[in-house]
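Thanks for asking me to look this one over. My notes follow as numbered points, to be read with the structure open beside you.

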Amino acid sequence: ENNRKKRIAIATLLKKVKKSGCLLCKEQELVVLDLHHLSDKEKSPSKLASSGWSMARVQKELDKCIVLCANCHRKVHFGIITHILSNNGPRAFKYGK
C-alpha cells in the first residue's frame, strides 16, 4: 500500500512538472511532453514512479530536467536545436546545426 501511494505521489509530481508545457514551443498536451536531462542522467523520469526511489531523490533527478514536447525533444537530440547552459539550466536555444 505504501509503494502504491508513493507511485501515485511521484506520478502526480511528474504531471505537475509537465503542466508548465514545452519550454520551447509552449505545447501543453501532457501526453506529448517529455523530461529532457541537461546533465548527469541517473534514470529516466518516466520510470521513477516504479523505481522505488524516495521523493527527495525523484525531485533531485527532476531538478536536472526541462520539459520539452516530443518534437522539440527529438530536435534537441538530433542537433537541430542546441541549448547553451548556465548554472541555472538552459539560458538560450539555437536552431540549426
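1. A word on terms before we start: contact means heavy atoms within 4.5 Å. With that in hand, look at Lys-64, which, leaving aside its neighbours within four places in sequence, is in contact with His-36, His-37, Leu-38, Ser-39, Asp-40 and Glu-42. Please keep in mind throughout that this is a predicted model.

2. Where does Lys-64 sit? Its place is the loop between α2 and β2 (65-69). Is Lys-64 buried or exposed? With a relative accessible area of 13%, Lys-64 is buried, because anything under 20% counts as buried. A lysine is a residue you may want to look at yourself here, so do turn the view to its partners, among them Asp-40 and Glu-42.3. His-73 makes a good companion to that point. This histidine belongs to helix α3 (residues 70-78), and it is buried, again with a relative accessible area of 13%. Not counting residues up to four places away in sequence, His-73 touches Asp-34, Leu-35, His-36 and Leu-68. His-36 therefore appears in the contact lists of both Lys-64 and His-73, with the 4.5 Å cut-off applied to each.

4. Now the overall layout. The protein has three helices and four strands, and along the sequence they follow the pattern α-β-α-β-α-β-β. Of the 97 residues, 31% are buried. The accessible surface comes to about 6500 Å², and carbon and sulfur atoms account for 50% of it.

5. How much of the contact network joins residues at least 24 apart? Taking contacts between residues at least 6 apart in sequence, the share is 59%.

6. Next, the helix pair. Helix α1 (residues 2-18) and helix α2 (residues 55-62) have axes that come within 11 Å and cross at roughly 25°. Angles under 35 degrees count as roughly parallel, and α1 and α2 are therefore roughly parallel to each other. Their crossing is right-handed.

7. Which residues make the contact between these helices? From α1 come Ala-9, Ile-10, Leu-13, Leu-14 and Val-17, and from α2 come Met-55, Val-58, Gln-59 and Leu-62. Sorted by class, this contact of α1 with α2 has eight nonpolar residues, one polar residue and no charged ones.

8. Two residues in the loop between β1 and α2 are also worth a look. Lys-43 is found in this loop, which follows β1 (33-37), and is partly exposed at a relative accessible area of 30%. The C-alpha atoms of Lys-43 and Val-58 are separated by 9.4 Å, with their positions 15 residues apart along the chain. Val-58 is one of the α2 residues in the contact with α1.

9. Ser-51 lies in the loop between β1 and α2 as well. Its relative accessibility is 24%, and it counts as partly exposed. From C-alpha to C-alpha, Ser-51 and Arg-7 are 8.7 Å apart in space, although they are 44 residues apart in sequence.

10. Finally, a backbone detail to check on your screen. Lys-26, in the loop between α1 and β1, has a positive phi of about 70° although it is not a glycine. Is Lys-26 buried or exposed? At 52% relative accessibility, Lys-26 counts as exposed, because the cut-off for that class is over 50%.

Conventions. Residues are numbered from 1 along each chain as its sequence is written. This is a predicted model: local features need pLDDT of at least 70, side-chain atom pairs count only at pLDDT 80 or more; totals for chains, interfaces and linings use all residues. Side-chain values use heavy atoms; hydrogens and water are left out. Axes are lines fitted to C-alpha atoms, for helices over the stretch in contact, and angles run from 0 to 180 degrees between N-to-C directions. Angles under 35 degrees count as roughly parallel, over 145 as roughly antiparallel, 65 to 115 as roughly perpendicular and the rest as oblique. A crossing is left-handed if the near helix is turned anticlockwise from the far one by less than a right angle, and right-handed if clockwise. Ala, Val, Leu, Ile, Met, Phe, Trp, Tyr, Cys and Pro count as nonpolar, Asp, Glu, Lys and Arg as charged, and the others, Gly among them, as polar. Buried means under 20% relative accessible area, exposed over 50%, partly exposed in between (1.4 Å probe, protein chains only). Accessible areas come from the Shrake-Rupley method with a 1.4 Å probe; for residues, only the protein chains shown count as cover.
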